[in-house]
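Welcome! Please take a moment to look over the structure below, and then we can walk through a few of its features together.

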Amino acid sequence: CGFKLRGQVSELPFERIYIRAPAGMTIGSDLERVITTHTQARVVKKIEKSDAVVQIVHAIREKRILSLSEGGRVREFELIYRVAARLLDSHNTELAPLQEIRLTRILPYLDAQELAKAAEEEMLYKDMQKDAVQQILRQITAVTLG
Amino acid sequence: ERADRDKPIHLEADRATVEDYKQKGEFRTSIFTGNVILTQGTLILRADKVVMKEDSTGYRHATAYGNLVSYRQKRDGVDEYVEAWSRRAEYDNKTDKIELFGSARLKRGTDEVEGDYISYDIASDFFQVFGQPQAENDKNSDHRVRAVIQPKAKQPDAETEK
Amino acid sequence: EQLSGSGESQPVHIEADRIDGHYQQEIEATGNVRMRRGDQTLSADHVKYYQDTEDVEVKGNALLERPDDTLWGTFLQMNLQTDIGELRDPRYALKGGNGRGSGSLLLLEGENQYRIKKARYTTCPEDNHDWYILADDLEIDNEKKVGTARHASIRFKDVPILYLPWMNFSFSKERKTGFLSPIMGNTSRSGVEVSVPFYWNIAPNYDATITPRLMSRRGVMLDNEFRYIGQGLGGRLQFDYLPNDLVTDTTRYGLQFNHSQFLGSGWFGALNYNRVSDHNYFRDLGNNILFTSQVNLLQQATASYFSELGRNGMLTFSTLMQQFQTVQDPRAPIISPFKILPRFTLNAVKSNVYGLDFDLASSFTHFSHPTLPHGLRFTAFPSVALPLENSFGFIRPRVGLHYTKYDLNTPAFPGTNDKHPDRSVPIFSLDSGVVLERDMTLGGGNFIQTLEPRVFYTYIPYREQRLLPNFDSAEMDFSFAQLFMEKRFSGEDRINDANEITLAMSSRLIHSATGNERLRFSVGQRIRFSDRRVLLTSPQVTRAGSDFIAELSGSLAQHVKTDAGIQLNQNNLLIEKIRTGISYNPAPGQVINAGYRFTRDVLEQVDLSTQWPFLKRWQGFAAINYSLKNDKLLAGLLGLEYNACCWSLRLVASRFTTATQKTSTNIFVQLELNDLMRIGTNPIRVLQQSIPGYVRTDLQ
């Protein structure tokens with residue numbers, strides 16, 4: 001049915017990439033690991049040495065009440081993770097606008113399990129971050145220069 | 001200046017024709033043509049043609065024509081000049097008034113007025129500017145009157161020249 | 001350069017039908033006069049200009065055009081140098097916002113300042129008198145862009161709806177110190193409410209809003225918000241204080257403080273402290289579900305360090321001090337969570353070391369609790385993985401050892417006297433997958449469709465853990481995220497035994513030109529080779545039997561998005577969980593959401609919400625969250641909004657459950673006079689919370 005194996009390594013239209021992510025966020029190093037393992041490009045530490053810059057514009061975690069119990073307590077939260085990236089050349093001009101990635105997960109919630117639910121929430125956000133990084137990789141591989 | 005009126009009038013021109021005033025009623029008419037220059041004290045008038053009328057009592061009435069008659073006179077007691085330009089200018093030293101017809105422009109110190117007709121009373125410094133259709137006006141005159149008035153130097157010493 | 005007309009004197013250009021005057025004294029121009037001085041231009045039928053004093057008298061259709069405003073009148077007498085004078089039968093239009101109006105007399109009081117007697121002010125366009133302010137005295141400060149009205153009454157369709165002895169408003173978007181528009185409302189628990197917020201723009205980087213809140217049944221409360229931002233830091237303090245609640249005759253307060261700051265060289269600190277005076281504080285004084293639904297109020301301080309670890313490694317170290325104020329619902333009390341005083345966490349990841357990926361997760365925590373056994377806990381979970389990747393797939397074996405040691409104040413359970421239990425358990429997993437792709441065209445666009453089979457095996461030997469305390473472990477919700485994880489319990493106190501394999505297949509539709517994922521369908525099943533022996537029953541999570549899961553998320557068609565998932569019990573094919581949501585959002589301001597969620601024995605709910613415009617200027621809002629299990633409306637909202645060209649009227653009724661058998665019904669009525677003020681209670685936040693995709697449309 002026309003399916004062919006896609007190699008784990010995808011072609012990027014540039015060799016040396018610099019990643020600019022907001023300080024204190026782990027999404028930058030997740031993206032670095034995915035680029036080094038899944039593409040032939042190298043991640044450089046100095047912007048001058050790069051021929052493309054992937055900038056994480058924002059990576060925002062939001063939480064919304066999804067459903068309530070009969071007693072008005074929260075039973076389900078909807079966790080929302082929004083990531084927007086931009087692809088620039090080393091002179092900071094935008095090569096391609098990338099669409100914001102919006103992911104959601106549902107976290108069932110019980111006030112009595114506050115600590116456990118906080119750990120599960122963190123796990124769900126980490127899972128969304130892994131998913132978002134894969135999608136960013138897909139977005140930048142789709143960019144054809146020129 | 002006011003003292004100008006008692007000063008003699010000198011007139012130069014390429015040609016001058018003088019007619020005795022007995023025949024022309026009370027006036028002696030003299031016509032000067034060709035880059036005429038009339039001076040009287042600090043007053044200088046340049047024109048292409050000037051018609052001068054004098055009556056028996058010495059009062060004179062001058063009419064100057066030119067492709068822009070130019071008039072210049074020093075103000076009384078102030079180191080400032082009055083200048084004027086127009087197609088036709090009439091000066092009457094009995095009323096000490098000058099009238100400018102056709103693309104008239106009057107400049108006093110740094111202030112300036114322009115219009116189709118200007119009348120300027122030298123003694124009282126009173127001027128009137130009208131935008132009326134005149135024979136002398138060129139077609140594109142919009143019959144509007146314009147004035148530019150510079151700010152009065154409040155503190156003459158402190159005010160540096162901007 | 002700065003061309004302000006007054007200040008130093010400026011040349012004056014006059015144009016008219018006729019001009020006469022005495023030189024250096026006065027100039028009189030008649031016949032559609034136009035006069036320009038600096039950046040001010042004046043036109044009228046007749047103008048008299050006194051050159052030495054720079055006074056000017058203007059008669060007949062006077063119009064004064066200035067950088068910030070335009071003034072009309074019948075007679076104007078002013079000094080062009082000092083900008084002082086008066087204008088009779090004035091009309092004015094401000095260029096800052098679209099404020100305009102008229103009055104009986106306009107007094108020019110210096111550069112950018114004037115005062116209008118018997119003033120009318122509105123932001124409605126020229127021919128529209130829907131609303132206006134009528135004030136005895138209106139002062140306009142064009143520099144600060146602030147208007148101050150005295151003895152002002154606001155008339156809506158010529159009906160006076162509000163009288164204010166004094167009010168000021170800003171007609172530019174900048175933050176201006178001054179009273180904001182009054183907020184009025186009515187709730188069953190505190191009666192009629194009127195609050196008048198005062199915004200204080202202390203400095204460019206910090207401001208405060210002090211809101212006296214007068215409640216007919218409870219008395220006067222003071223809500224204060226203080227915000228600050230600095231170099232790499234920022235925060236917000238909210239302190240609401242009710243000295244004497246007339247109903248409960250007690251002092252009540254609510255405090256929320258959060259602060260975050262980059263401490264330099266990789267360190268980041270944050271503080272989040274919440275505290276209220278009593279258990280019913282939110283239910284009595286809060287009108288937002290975000291607060292009334294809270295039981296555990298977080299009180300936490302963290303400092304975390306994050307840095308690279310060589311080529312592709314990462315190190316994070318964090319310290320945490322955390323406790324909660326538990327605000328009990330008397331009918332459903334819970335045990336308050338353990339306090340963490342403190343916890344140190346060290347996580348490190350180092351990949352591609354001779355082809356191996358190393359990972360360490362470790363923590364040292366001191367739990368304390370007023371009643372339950374508590375103490376210290378040390379955990380460490382080092383692991384190593386061998387990622388084997390080639391052109392068509394990957395295999396990733398991973399092995400780790402999870403070690404935990406406790407040091408408790410008393411034995412966790414009566415049956416034992418061991419205060420120092422420990423547990424070490426090896427964890428082995430094997431992840432493998434392949435990605436297949438093919439190009440296809442769908443609806444005119446070309447896409448890549450992927451097929452991603454994946455097999456994940458986990459083996460964790462059984463360890464007896466019934467005697468271990470449980471501080472932070474619970475069974476995690478079975479989901480696609482959890483399907484490829486070794487651990488089934490969150491936290492560190494319980495490690496599940498496992499001899500299971502997960503088979504999964506997901507297929508994505510990716511738009512080739514942009515790489516955006518349009519739709520994803522995944523299905524997965526977990527097969528257990530042995531029964532699970534470590535159990536941690538949690539009322540909310542489905543019993544051990546549910547192992548089959550299918551999910552679909554993305555856009556089904558243009559403007560139609562969906563997020564749906566189903567879980568079946570492998571043995572009896574009983575549906576354990578259904579989560580479906582669909583939203584149709586053809587344009588901003590037009591959205592319909594529908595959702596059905598079922599978790600066996602826990603909840604079964606339907607929610608619907610919509611924002612839809614109709615009849616050109618109207619908008620309807622509706623949202624319901626109906627519990628089929630308890631056959632009860634948990635939250636409902638109905639609303640209408642009318643947007644005229646310079647004002648909007650919003651009517652929203654919202655009802656939600658605040659405690660067992662207690663609901664809160666709030667009516668929001670808000671009249672917004674564009675760029676001036678909002679009168680009434682603001683429903684925007686409730687609309688944003690209850691209707692996903694809600695967008696304010698009156699801003700265009």
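## Where chain A meets chain C

Between chain A and chain C, 16 residue pairs are in polar contact, with both partners at pLDDT 80 or more. Keep in mind as you read that this is a predicted model.

On the chain A side, β1 (4-5), α1 (27-38), β4 (52-68), β5 (74-88), β7 (101-108) and α2 (114-142) each bring at least two residues to the surface that touches chain C. Among these elements, α2(A) gives the most, with 14 residues.

Charged side chains take part too: there are 4 salt bridges between chain A and chain C. One of the salt bridges joins the side chains of Asp131(A) and Arg520(C), at 2.7 Å from N to O.

How much area do the two chains bury between them? The table gives the figure, along with the residues that take part.

| Feature of the contact | Value |
|---|---|
| Residues from chain A | 55 residues |
| Residues from chain C | 78 residues |
| Area buried between chain A and chain C | about 5500 Å² |
| Share of that area on carbon and sulfur atoms | 56% |

Of the area that chain A buries against chain C, Phe3(A), Glu70(A) and Leu115(A) supply 14%, more than any other three residues.

## A nonpolar patch on chain C

Now to the surface of chain C. Phe614(C), Leu615(C), Trp618(C), Leu640(C), Leu651(C), Ile667(C) and Val669(C) make up a nonpolar patch there, and together they have about 610 Å² of accessible area. Phe614(C) lies in strand β42 (residues 603-614) of chain C. Phe614(C) counts as partly exposed because its relative accessibility is 34%.

Definitions and conventions:
Residues are numbered from 1 along each chain as its sequence is written. Chains are lettered from A and ligands numbered from 1 in the order in which they are written. This is a predicted model: local features need pLDDT of at least 70, side-chain atom pairs count only at pLDDT 80 or more; totals for chains, interfaces and linings use all residues. Side-chain values use heavy atoms; hydrogens and water are left out. Patches are made of residues with over 30% relative accessible area and no salt bridge: like charges are joined within 9 Å, nonpolar side chains (Val, Leu, Ile, Met, Phe, Trp, Tyr) within 5 Å. Accessible areas come from the Shrake-Rupley method with a 1.4 Å probe; for residues, only the protein chains shown count as cover. Helices (H or I, at least four residues) and strands (E, at least two) are DSSP runs, numbered from the N terminus. Buried means under 20% relative accessible area, exposed over 50%, partly exposed in between (1.4 Å probe, protein chains only). Contact means heavy atoms within 4.5 Å. Buried area is the accessible area (1.4 Å probe) that two parts lose on being put together, summed over both. A polar contact is a pair of N or O atoms within 3.5 Å; within protein, one must be able to donate a hydrogen and the other to accept it, and residues adjacent in sequence count only if both atoms are side-chain atoms.
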